[in-house]
Amino acid sequence: MIEQSGLLLCVFICFLLYHAVRAEIPLGSRLSVVDNGSWVSKNGNFTIGFLEISDEPGRFSFGIRFSDKSIPYSQQRMVWSADFQIGVGNMSYFLFTTDGDMLLFDDQGISSWSSQTSNKGVVSASLLDNGNLVLIDREQKVIWQSFDSPYDTLLPGQFLSCDKMLQAASTNLLSSYYSLSMNVSGHLMLLWQGIIPYWTSQNPSVPNLTAYVTNNGALQLLDKNLNVVWTVFGEDYDEYVKYRFLRIDVDGNLRLYSWVEALQSWKSVRQAVQNQCKVFATCGKRGVCVLSSCGTADCVCPFNQTDTDETCLIPYEQKCKHGSTMITYRNIHLFGLFPIDGPAIMTSMNKCMQLCQNDSSCTAATFSNHFRPQCSIKKSEYVTGYLDWSPDVVSFVKSCSSTSAPKFPCQSQSSPPTEEDSDIRVPCLIGISLDTIIIAVVLQLGCFYLFIYKRKTSTRCKYNLPSADTNLKGLVVLLSFSEIKSVTEDFKDRIGPNMFKGMLLNKFPVAVKELIASIDARKFRTAVLKIGGIHHKNLVQLEGYCCESNHRFLVYEYVKNGSLEKYIDDSALCKELTWRKRVDICLSVAQAINYLHSECREFISHGNLKCENVMLDENLKAKVSECGFAIVDGEAVYCAFSAQRDIADFGMLVLTLLTGCRDQSDLCEWSYKESIEGNAANVIDKRIEGGANSNELERVLRIAFWCLQSDERRRPSMEEVVAVLEGTLSIDLPPPPF
């Protein structure tokens, strides 16, 4: 059966080869850096030759790259390399010998790569129109081909079988840790150093599968009969795109790219690991990975960092002068490097910390309880990791005790967090002298009073720090119901439906929203932590929350001028909303929703976009509030609606803002009729002083009507909406939306 499948695969490959136009390369041909020569496919889409490495002047890589005239030189990506893109000097050359071997020589004339096809009957070479370099004999049989020796890229029509792999590029081959390969069960796996998997394709276990990239933008796994077993699609699947490729990037993520002619650049249309921080060792020796506001991976060292090379080391030595203590880091998942962690142990959180505390070689331990309680022990000073929003993850880091004051005053030490003390963050350790039993007894008796005092004052640490354990940015403050009452002064200042103004102890004003709806506590906390991790200039920042008993509160940053609804309804305030301000508000809201839909680590729907949830700051700049949660049948749900719902809501918000009309029953039909009959000026809010720009009005109305199409398939994406409002994308006259 294996021989049969191999024969079928060979027949399919031969079919592809004979249907690709060839550019013949004769024996004895030579290319050099000095001569700046190259071999080009007949269609001109691909070129093989030397390409200067952009960040290493004087160093060149030899391989196959895109070379279509429509692709700028700076965007001509390398799709196969003979030197693994490590680079060779400016005196290097490439030779197709008379005995059929291909050789790459460095500056010293030493061969650094060979096709190993000498004396195998090779008579010529061809660079095919699909980017495949082939060596053939007199019978037109393929002796060697670049498609069988991939580096970091897979082109449409190229196969990746279980005996092949893709390896991420690197300026130093030894530090190229990331690879993509197929295991014996037929699963694609992304691996760190070939041993630690951090992504696996979710397909059925079938042996002898082959990965394949289609021309219409899909990654497929094919069985021995070339039947499709598993498929994932790019976001532009089945759209006309001239060039595509799949690549494992330097950062270890696997991405499918498409050439976007209008933007003159490559666009990632699919990536395997949505959260870049989940790529193992993204930060290497530089600490813990945290996603920034724009979705990029930032590296933070939560320990004292003394090395000038930015290496993040655990502050522990086996021979501590004053013993050791354990420091707790909530929501941080740590992994050991050099050596890596051993097998996880099933145990409790307390036992996990004690195991590390009692083991002199242990430097840190991480406890997680996603599906079962697990403890991983680290025995290296080198650790990596990422911020994990799950409340069931905590790390314990061993540190040498010191007679000096703690350097992390709001990190808990010596004992792990428990259900009882999770809301009590003791800001500083109290040095306890054990010289006499009397002092110990006195301290024991004083515990109850100390507890009460700390409970009242611990909010000071909470209000001033986003997390009392990690000292990392982007975490959301957890408040008790009594603290919510204190912040709002017993809900004294109502500023909207179920919305109250409050003040934290550091004089930071907030808006506190009560959710009058039921929602499971665990789901609520998970959703809050996700929303709290997103940051955009046009989104109201979530600062904290309360999840106690049946109380559910969201604490937002306070936006001075209140809601857009207030300005539209007030005849005096409405005059401040000039035509330019209204268009800017439309654009700001569109940018915020586009960020939620396509630029966050995962899709987030707003679910309740309307004028009440658009806030205006002191400069009348718009900020979208209350994203993520919607009330459905008395229950608060997170991300319960599709992107199409938000797009339609945006269209109606635009019409409301332009017309000043809050009655939406016939607003769409009336405004469309006026616009189509050439009376668009009649639609505009008569309170706008100076009127509107006619061209801009036409463009904004058109995009609103496209967003309101009853057929959801006709609605644009929010990315297209932004482009239209920015004036970088033209827009056709929409059909009647109703």
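This report describes the largest pocket, two helix pairs and two backbone features of a predicted model.

**The largest pocket**

The largest pocket holds about 1900 Å³ of space. Its lining is made up of 46 residues, and those nearest the centre of the pocket are Glu-235, Lys-267, Ser-268, Ser-598 and Glu-719. Two strands and three helices each give two or more residues to this lining: strand S23 (254-260), strand S24 (265-271), helix H8 (579-599), helix H9 (643-659) and helix H12 (718-726). S24 provides the largest share, with 7 residues. By class, the lining consists of 18 nonpolar, 14 polar and 14 charged residues.

**Two helix pairs**

Two packed helices are described by the angle between their axes and the distance between the axes. The table gives these values for two pairs in the model.

| Helix pair | Angle between axes | Distance between axes |
|---|---|---|
| H8 and H12 | about 155 degrees | 8 Å |
| H9 and H11 | roughly 145 degrees | within 7 Å |

How are H8 and H12 oriented relative to each other? Angles over 145 degrees count as roughly antiparallel, and the angle for this pair is about 155 degrees; H8 and H12 are therefore roughly antiparallel. Their crossing is left-handed. On the H8 side, the contact is formed by Cys-586, Leu-587, Ala-590, Gln-591, Ile-593, Asn-594 and His-597, while H12 contributes Met-718, Glu-719, Val-721, Val-722, Leu-725 and Glu-726. The residues of this contact comprise 8 nonpolar, 3 polar and 2 charged. Glu-719 of H12 thus appears in two settings: it takes part in the contact with H8, and it is one of the residues nearest the centre of the largest pocket.

The crossing of H9 and helix H11 (residues 694-707) is also left-handed. H9 brings Ile-647, Ala-648, Phe-650, Gly-651, Val-654, Leu-655 and Leu-658 to the contact, and H11 brings Leu-697, Val-700, Leu-701, Ala-704, Phe-705 and Cys-707. Here the residues divide into 12 nonpolar and 1 polar, with no charged residues.

**Two backbone features in loops**

Most residues other than glycine have a negative phi, and most peptide bonds are trans. Which residues does a cis peptide bond join? This bond lies between Phe-338 and Pro-339, and its omega is about 5 degrees. Pro-339 belongs to the loop between strand S28 (332-337) and helix H2 (349-357). Asp-490, a residue other than glycine, has a positive phi, near 60 degrees. Asp-490 is located in the loop between helix H5 (481-487) and strand S34 (494-496).

Note on methods. Residues numbered from 1 in each chain as written. Predicted model: local features only at pLDDT ≥ 70, side-chain atom pairs only at ≥ 80, totals over all residues. Heavy atoms only, no water. 1 Å grid on protein atoms, 1.4 Å probe; cavity = no way out; pocket = protein on both sides within 12 Å on 5 of 7 lines; lining within 4 Å. Points joined across faces, edges and corners; volume = space filled by probe spheres on them. Helix = DSSP H or I, 4+ residues; strand = E, 2+ residues; numbered from the N terminus. Nonpolar A, V, L, I, M, F, W, Y, C, P; charged D, E, K, R; others polar. Axes fitted to C-alpha atoms, helices over the stretch in contact; angles between N-to-C directions. Parallel < 35°, antiparallel > 145°, perpendicular 65-115°, else oblique. Left-handed = near helix turned anticlockwise from the far one by under 90°. Contact = heavy atoms within 4.5 Å.
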